[in-house]
Amino acid sequence: MYTLGLQGVKVEPTEFTDVSDHWARYNIKAAYDNKIINGMGDGTFAPDANVTYDQALKMVVCMLGKGD
């Protein structure tokens with residue numbers, strides 16, 4: 001997030017039910033607000049799950065401003 005010039009603001013994320021006490025919650029919030037991540041589709045983010053190749057590629061595409 002810092003590489004992109006995006007700082008994790010100190011606003012508690014409410015988009016996902018499983019990140020309220022996670023160490024990266026502010027960065028997750030910043031990535032969500034900037035349309036880089038969407039979560040798992042069921043209201044969770046799964047912050048400790050492994051990232052798949054497809055998920056990583058999608059995040060890179062979105063960071064480059066080419067995502068949907």
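Start by selecting Lys-35: this residue is exposed, with a relative accessible area of 60%. Keep in mind as you click around that you're looking at a predicted model. Lys-35 sits in the loop between α1 and α2, and it is the residue to look at as you come off α1, with a positive phi near 60°. It isn't a glycine, either. Most residues other than glycine have a negative phi.

While you're in that loop, jump to Ala-46. Here is another non-glycine residue with a positive phi of about 60°, and its place is again in the loop between α1 and α2. What about its accessibility? Ala-46 counts as partly exposed, at 26%.

**Zoom out for a moment**

Switch to cartoon view. The chain has two helices and zero strands, with α1 running over 25-33 and α2 over 53-63. Now colour by accessibility: of the 68 residues in the chain, 25% are buried. Put a surface on, and you have about 4,900 Å² of accessible area, with 55% of that belonging to carbon and sulfur atoms. If you like contact maps, take the contacts between residues at least 6 apart in sequence: 40% of these join residues at least 24 apart.

**The rings**

How many aromatic pairs does a search of the whole structure find? It finds two. Select Phe-16 and Tyr-32 to see an edge-to-face pair, 5.4 Å centre to centre with 85° between the planes. Phe-16 lies in the segment before α1 and Tyr-32 in helix α1, so this pair ties together parts that are 16 residues apart in sequence. Is each partner buried or exposed? Phe-16 is buried, at 6% relative accessible area, whereas Tyr-32 is partly exposed at 33%.

Leave Phe-16 selected and add Phe-45. These two make a tilted pair, with 5.3 Å between centres and 45° between planes. The link reaches between distant parts of the chain: Phe-16 is in the segment before α1, Phe-45 is in the loop between α1 and α2, and the two are 29 residues apart. Phe-45 has a relative accessible area of 19%, so it falls under the 20% cut-off and counts as buried. Show the three side chains together and you'll see Phe-16, Tyr-32 and Phe-45 linked into a cluster by their ring pairs.

**Into the core**

Now widen the selection to Phe-16, Val-19, Ala-24, Ile-28, Ala-31, Ile-36, Ile-37 and Phe-45. These eight residues make up the largest nonpolar core. In soluble globular proteins, nonpolar side chains tend to be buried together. Both Phe-16 and Phe-45 from the ring cluster turn up in this set.

Pick Val-19 out of the core and show its neighbours. Leaving aside residues up to four places away in sequence, Val-19 touches Pro-13, Arg-25, Ile-28, Phe-45 and Pro-47. Of those neighbours, Ile-28 and Phe-45 are core members too.

**Along α1**

Next, run along the first helix. Which residues of α1 are buried? Select Arg-25, Tyr-26, Ile-28, Lys-29, Ala-30 and Ala-31. The list mixes core members, Ile-28 and Ala-31, with charged residues, including Lys-29.

**Last stop: Lys-29**

Centre the view on Lys-29, which has its place in helix α1. Is this lysine buried or exposed? At 11% relative accessibility, it counts as buried; compare Lys-35, exposed at 60%. Show the side chain of Glu-15 as well, and you'll find a polar contact of 2.7 Å joining it to the side chain of Lys-29.

Then bring up the rest of the surroundings. Not counting residues up to four places away in sequence, Lys-29 touches Val-11, Pro-13 and Glu-15. Pro-13 should look familiar, since Val-19 touches it as well. To finish, draw a C-alpha to C-alpha distance from Lys-29 to Glu-12: it comes to 7.6 Å in space, for residues 17 apart in sequence.

Key. Residues are numbered from 1 along each chain as its sequence is written. This is a predicted model: local features need pLDDT of at least 70, side-chain atom pairs count only at pLDDT 80 or more; totals for chains, interfaces and linings use all residues. Side-chain values use heavy atoms; hydrogens and water are left out. Rings of Phe, Tyr and Trp (its six-membered ring) pair if their centres lie within 6.5 Å; planes under 30 degrees apart count as stacked, over 60 as edge-to-face and the rest as tilted. Helices (H or I, at least four residues) and strands (E, at least two) are DSSP runs, numbered from the N terminus. Buried means under 20% relative accessible area, exposed over 50%, partly exposed in between (1.4 Å probe, protein chains only). Contact means heavy atoms within 4.5 Å. Accessible areas come from the Shrake-Rupley method with a 1.4 Å probe; for residues, only the protein chains shown count as cover. A nonpolar core is a set of buried Ala, Val, Leu, Ile, Met, Phe, Trp, Tyr and Cys residues joined through side-chain atoms within 4.5 Å. A polar contact is a pair of N or O atoms within 3.5 Å; within protein, one must be able to donate a hydrogen and the other to accept it, and residues adjacent in sequence count only if both atoms are side-chain atoms.
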